[in-house]
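Okay, my turn. Let me pull the model up on the screen, and then I'll walk through a few helices.

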Amino acid sequence: TDLSFLACAKKLISYGSLFYPQFATHNAMTIAAIQQMAIAAGKNTAFEFQRLHGMGADMYAEVVPERQAAGAENLNAPCRVYAPVGSHEDLLPYLVRRLLENGANTSFINKINDESLAVSELLVDPIELARSTEPKAHTRIPLPINLYGMHRQNSKGINYGNERELKAFAESLRAPVLAAEALLANGAPKTANEAIDVTQPSDRKKIVGSVRFSDAAQVDFAMAVAHRAQPAWDLVKVELRADALERAADLLELHRGELIALLTLEAGKTLGDGIGEVREAADFCRYYAAIARKEFASATTLAGPTGESNELYLHGRGVFVCISPWNFPLAIFLGQIAAALVTGNTVIAKPAEQTSLVAYRATQLMFEAGIPREVLQLLPGTGAGVGAKLCADVRTAGVCFTGSTETARTINRSLAARDAAIATLIAETGGQNALICDSSALPEQIVKDAITGAFGSAGQRCSATRVLFVADVIADRVAHLLKGAMGELRMGAPELLSSDLGPVIDEGARKILLDHSARMDQLVVEGSAKLIAQMPLPAECAAGTYFAPRAYEIAGLNVLTREVFGPVLHVIRYAAKDLDAVIDAINASGYGLTLGIHSRIDATIEHIQKRARVGNCYVNRNMVGAVVGVQPFGGEGLSGTGPKAGGPHYLHRFVTERTLTVNTAAVGGNATLIAQGA
């Protein structure tokens with residue numbers, strides 16, 4: 001850290017005409033180094049030192065006179081003395097931080113009190129020390145790309161602090177105008193449907209591309225091709241199928257800028273959300289490839305009597321229909337497809353109609369990675385037109401769906417109504433996700449994580465924080481901080497790094513949110529609810545489907561009759577004695593996707609976690625951003641069927657099991673036993 005401080009100081013001093021640096025330090029070596037930098041830079045350098053009240057007074061009494069005596073009278077460097085001022089709850093964390101920093105073994109303040117330490121050792125130059133030390137990586141701290149060890153490669157992020165990397169990223173954001181049609185195997189009938197323009201959620205006057213929805217003939221053709229191709233694809237070695245997924249992951253990262261641009265233009269995602277989504281899609285491909293190689297590459301030998309061999313084989317079920325949502329049009333779209341393909345199934349992908357262009361480009365990349373066209377086919381269209389027909393088809397072996405609970409019920413009924421083999425349904429649906437905060441929780445951390453969970457991605461995540469339960473003794477403080485934090489959020493064009501959140505997906509989604517807010521506003525008028533804060537809607541957002549984030553305080557969870565899919569946070573106060581009633585209310589909602597806990601009391605955390613019936617529980621952090629293979633994602637109850645996406649058991653739902661028993665005694669007995677006897 002000494003080295004980093006000096007590097008920053010040198011940079012600031014070198015731009016002395018643009019900056020007035022203020023260097024807060026109690027380190028004599030750092031003070032001396034800054035003095036020499038300033039003298040070398042010339043007489044136009046202006047800066048100041050700073051010290052904490054009660055510390056470093058004797059040292060700084062010598063610093064300014066010495067500097068003036070060095071012939072730099074025009075380089076005035078005063079020392080500002082500062083002291084923390086505030087209430088107990090503000091100052092206590094500050095004091096703890098100072099104690100941790102100044103009490104560290106490597107701290108100058110700690111070392112200066114050691115009279116046995118030589119001055120030369122105390123004032124060692126960190127630059128020379130770094131040069132003389134052989135660089136050596138810590139064996140237990142892997143580089144980011146090797147975060148998961150030998151299992152799989154980590155996806156690549158973007159360092160916003162690196163100017164060259166940021167410039168390269170900006171130059172890569174070039175999205176073509178696309179015309180998405182059904183990507184079927186050769187010989188498919190042409191659709192008679194007219195092309196539909198795809199417009200930007202951030203500005204509905206701007207066209208991104210066009211899409212032709214699949215007609216009934218194309219749906220029938222795709223199913224026939226997929227059904228015919230599945231047995232041969234199932235016989236392809238798992239290693240080869242996994243290789244294709246890993247090539248797809250590499251292509252996703254190669255075309256990252258283009259994909260992020262499409263996500264921004266078609267889905268209204270901010271650049272940060274787009275980066276995260278491309279990473280998740282690549283992670284899905286690599287993770288499922290690794291799991292498949294480990295568990296599916298060879299048969300499992302089962303124990304049995306000598307004279308007989310027993311083996312268990314895993315095979316694809318048949319044709320999987322993958323129906324993906326618009327809120328993660330790349331990651332979930334490819335996650336479903338990757339899991340179904342690597343396990344030996346053929347796939348018909350039906351993306352959300354709002355995000356057909358992203359799905360189209362992703363499908364092209366899958367073909368480029370080596371996935372045969374007859375094995376993966378894209379059918380853009382509506383749920384009623386394409387999805388319903390696919391789910392009713394007797395050749396459908398399984399459906400992988402992410403979306404609303406209501407649609408999942410409809411799919412389930414459609415599959416059950418067929419006079420066919422019982423199909424598999426893997427469904428991930430919504431949630432009434434709550435964050436419970438007791439009186440020991442830090443209000444600043446509560447608000448930070450609630451803001452991220454409720455308003456990140458414009459609240460359009462399955463896992464988004466919908467309800468914030470706050471202990472009554474800290475509720476006023478939390479509400480005050482929440483209002484202030486919401487005032488710092490910036491809503492605007494999602495292609496700008498300065499925008500914290502962009503538009504909601506379409507006018508239908510916005511109307512649902514406006515209707516809900518009108519209902520909440522009526523409760524405010526009646527006195528049974530309170531508006532904590534509402535962001536103003538900037539004028540530049542008028543042309544898009546933007547919805548201003550807001551937070552309400554409500555009386556109880558029963559006020560919410562359904563999931564509110566957008567940037568609306570509902571705050572509920574509770575007394576410590578009613579904690580079990582809070583948990584009961586959450587369980588009684590029927591949803592069980594995500595739950596957050598903020599507490600510094602281990603017993604409370606354990607009590608809530610054991611009683612809550614939810615798929616993903618997060619403690620003292622935000623509730624969104626589950627990482628593939630690290631936080632497998634999926635709920636229970638009204639929130640889905642399981643198994644968890646991005647988890648070690650997910651692929652098993654896509655397969656059927658077959659066993660082979662051979663009477664080895666019929667051909668001479670167990671040769672291994674005979675050899676061992678010899």
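So, Asn27 caps the N-terminal end of α2, with a side-chain oxygen 2.9 Å from the backbone nitrogen of Met29. Quick caveat: this is a predicted model, so local features need pLDDT of at least 70 and side-chain atom pairs 80 or more, while totals for chains, interfaces and linings use all residues. Numbering runs from 1 along each chain as its sequence is written, and side-chain values use heavy atoms, without hydrogens or water.

Back to α2, residues 28–41: the 14 residues should span 20 Å at 1.5 Å a residue, and the end C-alpha atoms are indeed 20 Å apart. The expected span here is 1.5 Å times one less than the number of residues. Helices are DSSP runs of H or I, at least four residues, and strands are E runs of at least two, numbered from the N terminus. Among the buried residues of α2 are Met29, Ile31, Ile34 and Met37; buried means under 20% relative accessible area, exposed over 50%, partly exposed in between, with a 1.4 Å probe and protein chains only. Right after α2 comes Gly42, with a positive phi near 115 degrees.

Now α17, residues 443–455: 13 residues, expected span 18 Å, and the end C-alpha atoms agree at 18 Å. Its buried residues include Pro443, Ile446, Val447 and Phe455. What do the buried residues of α17 pack against? That's β14, β15, α18, β17, β18 and β20, where contact means heavy atoms within 4.5 Å. Just after α17, Ser457 has a positive phi too, about 55 degrees.

Last one: Val96 sits in α4, residues 88–102, and counts as partly exposed because its relative accessibility is 39%.

Conventions: A polar contact is a pair of N or O atoms within 3.5 Å; within protein, one must be able to donate a hydrogen and the other to accept it, and residues adjacent in sequence count only if both atoms are side-chain atoms.
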